[in-house]
Amino acid sequence: MKEKNFWPLGIMSVLILGLGIVVFLVVFALKNSPKNDLVYFKGHNEVDLNFNAMLKTYENFKSNYRFLVGLKPLTKSPKTPILPYFSKGTHGDKKLQETLLNNALILEKSNTLYAQLQPLKPALDSPNIQVYLAFYPSPSQPRLLGTLDCKIACEPLKFDLLESDKMGRYKILFKFVFKNKEELILEQLAFFK
């Protein structure tokens, strides 16, 4: 009597199982795609596709301008906003948490935002700067606080927190729109105690 060989069935079952797992993962990924957080005015896919262009715009901005902000006149401890994608989570790191607190602005119910945009090269046009406030993390769109007029010197921007604003971590977002229609978003971490 001839013995049966089960190797072909084993190979076939592994291939079918693998194909089933792939189909399941594709269906799962389509049903659970990342939600657009829009905290930085762009969805995840748009950021992934255009990150190199955003980084180039940020590097050009740093080489052409110096931008400082603060909730008090900028003579003492001005802060430099950064590209949002460079900010780090703390994940329990006490030293990093202390550094973030030292570099953060402390919000009150009524605030005045001081800013300084200093061109580093002559004959640079002043970009349009919109200022937004976003509770972090939040699925809602950031709230427009106003526009900074920095043609000669930046005018202070007064804003109040709403009654519905909670204590916690905020991000002040600065949306720069340049003459060539390029956009750049910088963030400054802030806390409301």
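**Entry 1: what I am looking at**

I take a helix to be a DSSP run of H or I of at least four residues and a strand to be a run of E of at least two, each numbered from the N terminus. With that in hand I place F28, which is found in helix α1. I note at the start that the model is predicted, and I looked up its confidence before anything else. The chain averages a pLDDT of 83, and 90% of the residues score at least 70. Among the elements of the chain, helix α1 (residues 7–31) has the highest mean pLDDT, 92, whereas helix α3 (residues 94–103) has the lowest, 74.

I then listed the secondary structure, which comes to three helices and eight strands. Read from the N terminus, the elements follow the order α-α-β-α-β-β-β-β-β-β-β. Of the 193 residues in the chain, 32% are buried.

**Entry 2: helix α1 and its surface**

I went back to F28 in helix α1 and asked myself: is F28 buried, exposed or partly exposed? Its relative accessibility is 46%, and because partly exposed lies between the 20% and 50% limits, F28 counts as partly exposed. F28 also belongs to a nonpolar patch on the surface, which it forms with L17, I21, F24 and L25, and I noted about 540 Å² of accessible area for the five together.

**Entry 3: the five-stranded sheet**

I traced an open sheet of five strands in the order β2-β8-β7-β4-β5, and its pairing is mixed. The edges are held by β2 (105–107) and β5 (143–148); each of these has a single partner strand, so one side of each is left without a neighbour in the sheet. Neighbouring strands of this sheet are turned against each other by 35° on average, with direction ignored.

Within this sheet I followed β8 to both of its partners. Ten bridges join β7 (residues 168–177) to β8 (residues 183–192), and these two strands run antiparallel. On the other side, three bridges join β2 to β8, and here the strands run parallel. I checked single positions as well: F176 stands opposite L184 in β8, and Y170 stands opposite A190 in β8. A190 turned up again when I looked for the bridge partner of L105, which is A190 in β8.

How many of the ten residues of β8 are buried? I found nine of them buried, and I record β8 as mostly covered.

**Entry 4: the turn between β7 and β8**

I looked next at the connection, where β7 and β8 form a hairpin with five residues between them. K181 lies in this loop between β7 and β8, and its phi is near 70°, a positive value in a residue other than glycine. I flagged it because most residues other than glycine have a negative phi. K181 has a relative accessible area of 69%, and since exposed means over 50%, K181 is exposed.

**Entry 5: the three-stranded sheet**

I then turned to the other sheet in my notes, an open one of three strands in the order β1-β3-β6 with antiparallel pairing. Its edge strands are β1 and β6, each of which pairs on one side only. The twist from one strand to the next averages 20°.

For the bridges, I noted that six join β1 (residues 65–70) to β3 (residues 110–119), and that four join β3 to β6 (residues 157–160). Along the β1 contact, Y65 stands opposite P119 in β3, and R66 stands opposite Q118 in β3. Along the β6 contact, the bridge partner of N111 is F159 in β6.

**Entry 6: the loop after β6**

My last look was at E163, which is found in the loop between β6 and β7. Where along the chain is K109 relative to E163? The two are 54 residues apart along the chain, yet I find their C-alpha atoms separated by 8.8 Å. E163 has a relative accessible area of 74%, and because the limit for exposed is over 50%, I enter E163 as exposed.

Terms used:
Residues numbered from 1 in each chain as written. Predicted model: local features only at pLDDT ≥ 70, side-chain atom pairs only at ≥ 80, totals over all residues. Heavy atoms only, no water. Pairing = 2+ DSSP bridges. Axes fitted to C-alpha atoms, helices over the stretch in contact; angles between N-to-C directions. pLDDT = per-residue confidence, 0-100. Buried < 20%, exposed > 50% of the residue type's maximum accessible area, 1.4 Å probe, protein only. Patch = residues over 30% accessible without salt bridge, like charges linked within 9 Å, V, L, I, M, F, W, Y side chains within 5 Å. Areas by Shrake-Rupley, 256 points an atom, 1.4 Å probe, with all protein chains shown as cover. Salt bridge = Lys/Arg side-chain N within 4 Å of Asp/Glu carboxyl O.
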